[in-house]
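The following exercises are to be worked with the sequence and the three-dimensional structure at hand. Each task is followed by a solution in steps.

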Amino acid sequence: MKIIIWIVCILVALLIAGWLGLKIKPKSFPPYRSRTPVMQTVPLPTGLPAPVERFYRQIFGDQIPLITSAVITGRASMRPNIKGPTFLARFRFVHVAGVDYRHYFEMCFFGLPLIKGNEHYLDGKSRLELPFGMTDQGPNIDQAANLGLWAESMWLPSIMITDPRVKWEPVDEDTAVLVVPFGEQQQHFIARFEPATGLLHMLESMRYQKSNSQEKILWLNENLEYRTVGGYTFGAVGAATWINEGTPWAVFTVEDIVYNVDVKDYVRANGP
C-alpha cells in the first residue's frame, strides 16, 4: 500500500512540475543590433477600397513609410499539435518585405529552450527544420509559406499598399479582398475590418496545413491588440488558427521591431 501511495505522490509531483514548467516565461531575445533608420514616405495611394483607406489613414495618416525589411522579436504561446501541450516560446522573424522570410523560435520548458525551429522561405521555396532531423517541404508548404509571408506583413503593413504587386478589391464597408503575388500566380485573403475602430482585425485564406494535405483549410490570422512598437502602431498581438482545430495554435506578441536594416545574410542564417 505504501508503494502505491509513493507512486501516486511521485506522479502528482511530476504533473505539477510539468504544469509549472509550461507556465514560466522565457527571456526575450536581445534587441536586434541595428535600429530603424529614418524612413522615406510616399503619399497614401488613391483608389483604395473605403475600409482599407480608413485603416491606413488611421495608423499612418497621409504619408506611408516605405518598408523594405523587418526584424521582429517577441514571445509567444505555441501548440505544436492539437492534442499536445501549449509551450511558451520566444521568436525572431526576419523579413525581406514581400519576398523572403526566416522564422526562428524556441519553445521552452521552465523558461529554457526545449524545441528549436528554423524555417526559411527563400526564393519561393520553404524548408522547416526541427530537432531530431525533422524537416518538411514541398509545393503545399510553399503555398502555405507564401500566405504566411503576407499574413505576417500585418506587422509591416505599409507594404500592402506600397508594393505594386499587391491589389485590393472592394467588398463592403468593412471588408475587402487582398490579392498578393505567389510566383507567377496570385493568392487571396479576405480582410475584415472592425466596424467600430476601422482597424484591420482578420485575414482569412485557404491554406494547405501539411505537405501531404489533399485539400486546403480555412486559416485565420487575427489581430488581438494594437500597440505602438518601435514608434509604429500595428497589430502587435496576433493569433493564428486552423478552422478544423477551433482554437489558436499560436499567439504571437511582438516586443521589438526594426525596419529597413540590411538582412540579406541574416535572413539565410540558422540562429537567433
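**Exercise 1. The second largest pocket**

Helix 3 gives the most to the lining of the second largest pocket, contributing five residues. The model is a predicted one.

Task: Determine how the lining of the second largest pocket is made up, and state what volume the pocket has.

Solution.

Step 1. The volume of the second largest pocket is about 250 Å³.

Step 2. Its lining consists of 16 residues, and those nearest the centre are Tyr121, Gly124, Asn146, Phe182 and Gly183.

Step 3. At least two lining residues come from helix 3 (139-151), and at least two come from strand 10 (175-182).

Step 4. Sorted by character, the lining of this pocket holds seven nonpolar, six polar and three charged residues.

**Exercise 2. A residue of helix 3**

Task: Is Gln143 buried or exposed, and which residues does Gln143 touch beyond four places in sequence?

Solution.

Step 1. Gln143 is located in helix 3.

Step 2. The relative accessibility of Gln143 is 7%; the limit for a buried residue is under 20%, and therefore Gln143 is classed as buried.

Step 3. With residues up to four places away in sequence not counted, Gln143 touches Phe182, Gln187, Met206, Arg207, Tyr208 and Lys216. One of these, Phe182, is also among the residues nearest the centre of the second largest pocket.

**Exercise 3. The enclosed space**

Task: How many cavities of 30 Å³ or more are there, and which residues line the largest cavity?

Solution.

Step 1. The count gives one cavity of 30 Å³ or more. The space in the largest cavity amounts to about 40 Å³.

Step 2. The lining is formed by Phe55, Met154, Pro157, Met160, Leu200, Asn223, Tyr226, Phe234 and Gly235.

Step 3. Strand 13 (217-229) and strand 14 (232-242) each provide at least two of the lining residues.

Step 4. In this lining, seven residues are nonpolar, two are polar and none is charged.

**Exercise 4. A charged residue of strand 13**

Task: Describe the surroundings of Glu225, and state which side chain Glu225 meets in a polar contact.

Solution.

Step 1. Glu225 belongs to strand 13. Its relative accessibility is 35%, so Glu225 counts as partly exposed.

Step 2. Beyond its neighbours within four places in sequence, Glu225 contacts Phe234, Gly235, Ala236 and Val237. Of the residues just named, Phe234 and Gly235 also line the largest cavity.

Step 3. The C-alpha atoms of Glu225 and Val237 are 5.1 Å apart, while twelve residues separate the two in sequence.

Step 4. The side chain of Glu225 makes a polar contact of 2.9 Å with the side chain of Arg227.

**Exercise 5. A charged residue of strand 15**

Task: Is Asp256 buried or exposed, and what polar contact does its side chain make?

Solution.

Step 1. Asp256 lies in strand 15 (residues 250-259).

Step 2. The relative accessible area of Asp256 is 14%, and the limit for a buried residue is under 20%; Asp256 is therefore buried.

Step 3. A polar contact of 2.8 Å links the side chain of Asp256 to that of Arg35.

Step 4. Apart from neighbours within four places in sequence, the contacts of Asp256 are Pro31, Tyr32, Arg35, Val71, Ile72, Thr73 and Val229.

**Exercise 6. Nonpolar cores and the segment after strand 15**

Task: Which residues have the most contacts inside the largest nonpolar core, and where does Tyr266 lie?

Solution.

Step 1. In soluble globular proteins, nonpolar side chains tend to be buried together.

Step 2. The largest nonpolar core comprises 58 residues, and the most contacts inside it belong to Tyr56, Ile72, Trp155, Leu156, Trp168 and Val254. Separate from this core is another of nine residues, including Tyr32, Val71, Val258 and Val261.

Step 3. Tyr266 is situated in the segment after strand 15. Its relative accessibility is 12%, so Tyr266 counts as buried.

Step 4. With neighbours within four places in sequence set aside, Tyr266 contacts Tyr32, Val71, Arg92, Val94, Arg102 and Pro272. Tyr32 and Val71 are also members of the nine-residue core.

Step 5. Tyr266 and Val94 are 172 residues apart along the chain, yet their C-alpha atoms are separated by 7.6 Å.

Technical notes: Residues are numbered from 1 along each chain as its sequence is written. This is a predicted model: local features need pLDDT of at least 70, side-chain atom pairs count only at pLDDT 80 or more; totals for chains, interfaces and linings use all residues. Side-chain values use heavy atoms; hydrogens and water are left out. On a 1 Å grid over the protein atoms alone, a cavity is a set of points where a 1.4 Å probe fits but cannot get out, and a pocket is an open set with protein on both sides within 12 Å along at least five of seven lines; lining residues have an atom within 4 Å of a point. Grid points are joined across faces, edges and corners, and a volume is the space filled by probe spheres set on the points. Helices (H or I, at least four residues) and strands (E, at least two) are DSSP runs, numbered from the N terminus. Ala, Val, Leu, Ile, Met, Phe, Trp, Tyr, Cys and Pro count as nonpolar, Asp, Glu, Lys and Arg as charged, and the others, Gly among them, as polar. Buried means under 20% relative accessible area, exposed over 50%, partly exposed in between (1.4 Å probe, protein chains only). Contact means heavy atoms within 4.5 Å. A polar contact is a pair of N or O atoms within 3.5 Å; within protein, one must be able to donate a hydrogen and the other to accept it, and residues adjacent in sequence count only if both atoms are side-chain atoms. A nonpolar core is a set of buried Ala, Val, Leu, Ile, Met, Phe, Trp, Tyr and Cys residues joined through side-chain atoms within 4.5 Å.
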